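Visitor: I would like to go through this structure with you step by step, beginning with its strands and ending with its pocket. Could you show me the sequence and the model?

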Amino acid sequence: MAERSVLVTGGSGGLGGAVTAAFTAAGWRVVVADLRPGDGDGALTVAADLTDPAGAARAVEVAAGDPEAPLRAVVNLVGGYASGGLVHETPVEEFDRMFTLNLRPTYLVTRAALPRLTAAGGGAVVCVSARAALAPFPGVAGYVTAKAAVLAFANAVAVEYRASGVRCNTVLPSVIDTPANRAAQPDADHSRWVAPAEIAPVVRFLASDESAPTSGAAVPVHGRA
């Protein structure tokens, strides 16, 4: 029987399957929340709109629903990418959409989970930013800014909840080697990208007691890119 639970948001995405598998293999009770979750691969799934406060709260309620396996970790994988023109060519609606996709679910789910984590005696939150948040490139101002905001938010959580035993860390991938990214960039050197199976153990480590001294870290997971 699992002794602890983890909520993985965006678990049906390209990175989500590997992260779910890593936690399942480590003996966690895994709850996957997504707008359209898949079969779960051994995890409990919950369909929820995580940009909506009620949807985020429902996902956390399911994840914290087993008293024998209290919620001890949240992994925020929900996000999105869009490229476009330079800043003066970017519609405000597109700029806002990047925050809705990348920051809002992370904020809402984390906000709903923090009382549960503190009540369980502590735990961990893992967020996903991007290398571009620290090393921007042209044409993606909305994405870059939203991912930088995710990093800032995670650091705020780390500071505010340190005394409650809740840690918050962030991973910063480069380009993740997913089918969607390969389709979007067929001529790229995919061997330089980072595979989901390489990122997943890092995420699991940051959620586990093995990383107990670590909070407020921004961990690069760049592969060879």
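Visitor: In which sense do β4 and strand β5 pair?
Guide: This is a predicted model, and the answer rests on the bridges assigned within it. Strand β5 covers residues 123–128, and 4 bridges link β4 with β5. One position in this pairing sets Val74 opposite Val125 in β5. The sense in which β4 and β5 pair is parallel.

Visitor: How many bridges join strand β1 to β4?
Guide: Strand β1 comprises residues 5–9, and β1 and β4 run parallel. Within β1 and β4, Thr9 stands opposite Asn76 in β4. The number of bridges that join β1 to β4 is 5.

Visitor: How many of the residues of strand β4 are buried?
Guide: Strand β4 spans residues 71–76 and is mostly covered. β4 is also among the elements that each supply at least two residues of the largest nonpolar core. The count of buried residues in β4 is 6 of 6.

Visitor: How many residues does the largest nonpolar core have?
Guide: Leu7, Leu50, Leu71, Val74, Val109 and Cys168 are the residues with the most contacts inside this core. Besides β4 and β5, elements including β2 (29–34), α2 (53–63) and α4 (104–119) each supply at least two of its residues. Apart from it lies another core of 25 residues, among them Val8, Ala22, Leu77 and Val203. The largest nonpolar core has 29 residues.

Visitor: Is Asn102 buried or exposed?
Guide: Asn102 belongs to helix α3, which covers residues 92–102, and, neighbours within four places in sequence aside, Asn102 is in contact with residues including Val78, Tyr143, Ala146 and Val150. Because its relative accessibility is 1%, whereas the cut-off for a buried residue is under 20%, Asn102 counts as buried.

Visitor: Which residue offers the backbone oxygen that the side chain of Asn102 reaches?
Guide: The distance from the side chain of Asn102 to this backbone oxygen is 2.9 Å, and a polar contact requires a pair of N or O atoms within 3.5 Å. The residue that carries the backbone oxygen is Met98.

Visitor: What is the volume of the largest pocket?
Guide: The largest pocket is lined by 41 residues, and those nearest its centre are Gly79, Gly80, Tyr81, Tyr143 and Asn181. Of these, Gly79, Gly80 and Tyr143 are also in contact with Asn102, and α3, α5 and α6 (179–184) each supply at least two residues of the lining. The volume of the largest pocket is about 1200 Å³.

Terms used: Residues are numbered from 1 along each chain as its sequence is written. This is a predicted model: local features need pLDDT of at least 70, side-chain atom pairs count only at pLDDT 80 or more; totals for chains, interfaces and linings use all residues. Side-chain values use heavy atoms; hydrogens and water are left out. Helices (H or I, at least four residues) and strands (E, at least two) are DSSP runs, numbered from the N terminus. Buried means under 20% relative accessible area, exposed over 50%, partly exposed in between (1.4 Å probe, protein chains only). A polar contact is a pair of N or O atoms within 3.5 Å; within protein, one must be able to donate a hydrogen and the other to accept it, and residues adjacent in sequence count only if both atoms are side-chain atoms. Contact means heavy atoms within 4.5 Å. Two strands pair if DSSP finds at least two bridges between them. A nonpolar core is a set of buried Ala, Val, Leu, Ile, Met, Phe, Trp, Tyr and Cys residues joined through side-chain atoms within 4.5 Å. On a 1 Å grid over the protein atoms alone, a cavity is a set of points where a 1.4 Å probe fits but cannot get out, and a pocket is an open set with protein on both sides within 12 Å along at least five of seven lines; lining residues have an atom within 4 Å of a point. Grid points are joined across faces, edges and corners, and a volume is the space filled by probe spheres set on the points.
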